[in-house]
Amino acid sequence: MKALPRRRAAVLVNSALVVALLGGAVVVYTTLDSGTSTAASKSPTRSVTVSKGTVLATVSGSGALSSPSDAGQDFVTGGKLTAVKVSVGDAVKKGDVLATVATTEAQQQVDAAKRALTTAEANLTKAEAGQKVTTSTPGTTDAKTGKQAPATSTTTTEVDDAQVAQAEQQVETAQTSLANAQTALTGTTLTASVDGTVASVSGKVGDTVTGSGTKSTGSTTTTSSAPTGFIVLTNPTGMRVTASFSELDSLKLKKGASATVTLNAQSDTKLNATVLSVSSLPNSSSGSGAGSSSAVQYSAVLQITGDTSKLRTGLSATISVITGQADNALSVPTAALSGTGSARTATLVKPDGSTERVSVTVGVEGDNAVQVLEGLKEGDQVQLISTTVSGTNGFPSGNFPGLGVAGGGAQTGGGARNGGTGGTR
């Protein structure tokens, strides 16, 4: 027998190996595909009973606590601190003296203002008194008798209205200056504008502090930002929480809606609250241009009800707001219905095991259950819509390696893959 050339023999051997490998791979692929399809087709169905209960729909947000009773306290008049009468943690009442600065300069301004007012008042008195003017009339000679009549004089008081008006203006100016000087003098003593607990003190005796020029009247904070000042007083009365919600969820919020506030630092502490207001302006937005992400959020302020005495400004919290509620309502799990909107369908399981597709009208769509208005009755059994495993045959995208996507016969014939996206019922 004539021997084959060495090169031709090698080609024949390699070809035989390739055919063998492809055949084995096809067998493996077919086995995997068949197994998945079988598993999917035998996926058990589950059913639930239509029952009555409360259906709750909620939206969640996050934020921080703040109190409208917190207040930053600043001196009206600045100067060198002569006394700091409180420390952090002290409880104070409205009107209590917190600290003082030197009064020397302020007192001098008061004294000067008093002197100026005295002078202005004296000038006004003088202007109002007017000036005496004497008019003399020379004597005349009687033509018949030739007698000389004596000269006469008349004295009158003349008041210059313009001078009086100017003097009055000077008095008013002096009075204003005195009042301002007295306010500045009073402002050298810092008093508490509200009841509260001293949270911070920003200075010590001998330090120089600046004055705000206005008297602290207490904070009416509506945001989560903490108050600032030479001394900060906190008061948990009227504690609120300002929270951010996604743009979709914010549209579901309504004033007066009930909510639950859970402190992040104390997950077992849950507080009741109601929505006070919802902002009509976004409070954050990020990203711009193609390919960038954005997150638009809107803030809402919620009033915490109940005992707030142990709460602190700045505590972070998670808020759950009830946006829909149906009590004593027929309901089924969300997974038992198909479709969208108020008209859905469900698979009713009859006592003999047969099934029937029925139309269902729904009401409140809760977080996990849906209110049933029509189409089902209490005690009915309905199938749950199960989600099957996508048929990938153990390979990415269900494609046999090397066969590609287009034209792949295994891809089009994969029953498990087709059923995997729609859900097997």
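Start by selecting leucine 81 and look across to strand S6, where valine 101 stands opposite leucine 81. You are looking at a predicted model, so treat every stop on this tour as part of a prediction.

**The sheet around S4 and S6**

Widen the selection to strand S4 (residues 79–84) and strand S6 (residues 97–101), which pair in the antiparallel sense over 3 bridges. Which strands complete the sheet, and in what order? The order is S9-S6-S4-S11, an open sheet of 4 strands with antiparallel pairing. Colour strand S9 (189–191) and strand S11 (208–209) next: these two stand at the edges with a single partner strand each, so one side of each has no neighbour in the sheet. While you are here, pick any strand and follow its side chains: in a regular strand they alternate between the two faces of the sheet.

**A second open sheet**

Now select S3, S12, S10 and S5. Read in the order S3-S12-S10-S5, they form an open sheet of 4 strands with antiparallel pairing. Here strand S3 (71–73) and strand S5 (91–92) are the edge strands, and because each has a single partner strand, one side of each is left without a neighbour in the sheet.

Walk across this sheet one pair at a time:

- S3 with strand S12 (residues 231–234): the two pair in the antiparallel sense over 3 bridges. Click on glycine 72 and you will find valine 232 of S12 opposite.
- S12 with S10: this antiparallel pair has 4 bridges. Valine 201 is a good residue to pick, with isoleucine 231 in S12 standing opposite.
- S10 with S5: 2 bridges join S5 to strand S10 (residues 196–201), and the two run antiparallel. Select alanine 91 to see its bridge partner in S10, threonine 197.

**Strand S17 and its partners**

Next, highlight strand S17 (residues 316–333). How many bridges join S17 to strand S2 (residues 51–66)? There are 13, and the two strands run antiparallel. To see the pairing, select serine 60 and look for serine 320 opposite in S17.

S17 has other partners to visit. Strand S14 (residues 258–263) is joined to S17 by 5 bridges, again running antiparallel; pick threonine 262 there and threonine 318 of S17 stands opposite. Then show strand S20 (residues 369–374), which pairs with S17 in the antiparallel sense over 3 bridges. Serine 331 is the residue to click for this pair, as its bridge partner in S20 is glutamine 371.

**Two helices side by side**

Leave the strands and select helix H2 (residues 104–129) together with helix H3 (residues 161–186). Their axes lie 8 Å apart and the helices pack at an angle of about 165°, which means that H2 is roughly antiparallel to H3. Turn the view to look through one helix at the other, and you will be facing a left-handed crossing. Which residue classes make up the contact of H2 with H3? It has 16 nonpolar, 8 polar and 4 charged residues.

**The largest pocket**

For the last stop, switch on a surface. Rolling a probe the size of a water molecule over the atoms shows where empty space is left. The largest pocket holds about 210 Å³ of space. To find it, select Thr234, Asn235, Pro236, Leu311 and Arg312, the closest to its centre of the 13 residues that line it. Colour the lining of this pocket by class and you will see 3 nonpolar, 7 polar and 3 charged residues.

Terms used: Residues are numbered from 1 along each chain as its sequence is written. This is a predicted model: local features need pLDDT of at least 70, side-chain atom pairs count only at pLDDT 80 or more; totals for chains, interfaces and linings use all residues. Side-chain values use heavy atoms; hydrogens and water are left out. Two strands pair if DSSP finds at least two bridges between them. Axes are lines fitted to C-alpha atoms, for helices over the stretch in contact, and angles run from 0 to 180 degrees between N-to-C directions. Angles under 35 degrees count as roughly parallel, over 145 as roughly antiparallel, 65 to 115 as roughly perpendicular and the rest as oblique. A crossing is left-handed if the near helix is turned anticlockwise from the far one by less than a right angle, and right-handed if clockwise. Ala, Val, Leu, Ile, Met, Phe, Trp, Tyr, Cys and Pro count as nonpolar, Asp, Glu, Lys and Arg as charged, and the others, Gly among them, as polar. On a 1 Å grid over the protein atoms alone, a cavity is a set of points where a 1.4 Å probe fits but cannot get out, and a pocket is an open set with protein on both sides within 12 Å along at least five of seven lines; lining residues have an atom within 4 Å of a point. Grid points are joined across faces, edges and corners, and a volume is the space filled by probe spheres set on the points.
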